[in-house]
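Dear colleague,

I am handing over the structure we spoke about, and below it you will find my notes on what turned up in it. Please read them with the model open beside you.

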Amino acid sequence: MSPRVTSALLASAVLLAGLVGCSADARKAESWQPPAEPQPAATPTPQVPAGKAPQRTFAVGVRQLKLNRDGRALPTTLWYPATGEAGGAAKRSATAAEGRFPVVMFSHGLGGRPDDYATLLTRWAAAGFVVAAPTFPHTSRGADNNVLDVLNQPADVSYALDQVLALNAKAGEALRGRLDGERVAAAGHSAGGVTTIGLFTASRDERLDAGVVFAGTALGVGTAFAGAAAPQLFVHGELDEVIDYAAGKAAYDKVPWPKAMLSLPKGDHGRALLSDGATLRVVSDTSVEFLRWSLYGDAAAKKRIPTDATRGDIATFDDHL
């Protein structure tokens, strides 16, 4: 494992202690208040109408957006379906493929950066999704690792989503007309998982139709899941040395909407997300079919999820979708 990946995982180890032990620095979070107790979901079924996901695999393009929210620099990496031959690494500034594609907002973990997850996110883009991943100003590699700033990140993601969707109508923009703003998900790992849960609880963004939480916890953002039903996929290693599996499972149990949990009996805090291998293939295939169902409304994809999730006996699957 590369030193930067190891340091990113080790940096995540201060997440729980930071959120619990930094009450003296609470003024640094933007007027955050503890979330209320969970409320019943307003809508019992997913919002996205029935449809069909693309059957082909796309080539993938990648580019950068320079974003800034009130002085918070948020450089954002975009992976998107592109023209050309599928397979291989993403091509910088490649021509976007024809079509309108759902958007997935991805949040990195503490001490990480979006490109750490390039293998997974490229696979999502190749399946027909535009993936936008901000680099957060205080929790990315090389920053001050102020873990309490995680509480500000849901607002960062919502702002980045505003800017990404604005590309859809911008004259001369390469992604003009390519983004489906009615089909949007949020996903994230570790501190990014906390961020993602926050987008469905204390900082609910009603544009979001689904969520994917890797090795996350509700600590700091609560489990008051609110708004219209948004299916959730949780992925967690049972040997997680940073965020205990039980903490992730407790958050999952509070989700009042269609949900599933992919549990990795031999999985840790997320090394499988950062390098290719059999575990990543199970995680990526399962999450792709989940996104095809939850964002494209593809019923056939939903039927494939349990098969992908349990292939090779790498994971167990709790299915309430």
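The organising feature is an open sheet of 10 strands, arranged in the order 5-1-4-7-6-8-9-10-11-12 and with mixed pairing. Its edges are taken by strand 5 (91–92) and strand 12 (316–320), each of which has a single partner strand, so one side of each is left without a neighbour in the sheet. Please bear in mind throughout that this is a predicted model. For orientation, the chain contains 9 helices and 12 strands, and 57% of its 321 residues count as buried. Among the contacts in the chain with a separation of 6 or more, 73% are made by residues 24 or more positions apart.

At the edge formed by strand 5, the pairing is with strand 1 (residues 59–65), to which strand 5 is joined by 2 bridges in the parallel sense; within this pair, valine 62 has arginine 92 of strand 5 as its bridge partner. Towards the other edge, helix 6 (residues 245–254) packs on the sheet and touches strand 10, strand 11 (259–264) and strand 12, with its direction at about 165° to that of strand 11.

I then looked at strand 6 in more detail. All 7 of the 7 residues in strand 6 (residues 101–107) are buried, so this strand is largely enclosed by the rest of the structure. On one side, strand 6 pairs with strand 8 (residues 179–189) in the parallel sense over 7 bridges, and here serine 107 is matched with glycine 188 of strand 8. Strand 6 also runs parallel to strand 7 (residues 130–134), with 3 bridges between them, and in this pairing valine 104 has valine 131 as its partner. Together with helix 3 (residues 118–126), strands 6 and 7 make up a right-handed β-α-β unit. Another helix, helix 5 (residues 191–198), lies across strand 6, strand 8, strand 9 (210–214) and strand 10 (232–237), and runs at about 135° to strand 8.

Which residues have the most contacts inside the largest nonpolar core? That core has 93 residues, and the ones with the most contacts inside it are Val103, Val104, Phe106, Leu121, Trp124, Phe214 and Leu291. The element that gives the most to this core is helix 8 (residues 278–296), with 9 residues. Valine 104 shows how these parts meet: leaving aside residues up to four places away in sequence, valine 104 touches Trp124, Phe129, Val130, Val131, Ala132, Ala185, Ala187, Leu291 and Leu295.

Helix 8 itself is mostly covered, with 15 of its 19 residues buried. From its first C-alpha to its last, helix 8 reaches 26 Å, which is close to the 27 Å expected at 1.5 Å a residue. Just after helix 8, glycine 297 adopts a positive phi of about 70°.

One last residue may be worth a look, namely arginine 72, which lies in strand 3 (residues 72–73). Is arginine 72 buried or exposed? Its relative accessible area is 10%, and arginine 72 is therefore counted as buried, the cut-off being under 20%. The C-alpha atom of arginine 72 is separated by 6.3 Å from that of proline 137, although the two residues are 65 residues apart along the chain.

With best wishes

Notes
Residues are numbered from 1 along each chain as its sequence is written. This is a predicted model: local features need pLDDT of at least 70, side-chain atom pairs count only at pLDDT 80 or more; totals for chains, interfaces and linings use all residues. Side-chain values use heavy atoms; hydrogens and water are left out. Buried means under 20% relative accessible area, exposed over 50%, partly exposed in between (1.4 Å probe, protein chains only). Helices (H or I, at least four residues) and strands (E, at least two) are DSSP runs, numbered from the N terminus. Two strands pair if DSSP finds at least two bridges between them. A crossover is right-handed if, with the strands pointing away from the viewer, the path from the first strand over the helix to the second runs clockwise. A nonpolar core is a set of buried Ala, Val, Leu, Ile, Met, Phe, Trp, Tyr and Cys residues joined through side-chain atoms within 4.5 Å. Contact means heavy atoms within 4.5 Å. The expected span of a helix is 1.5 Å times one less than its number of residues. Axes are lines fitted to C-alpha atoms, for helices over the stretch in contact, and angles run from 0 to 180 degrees between N-to-C directions.
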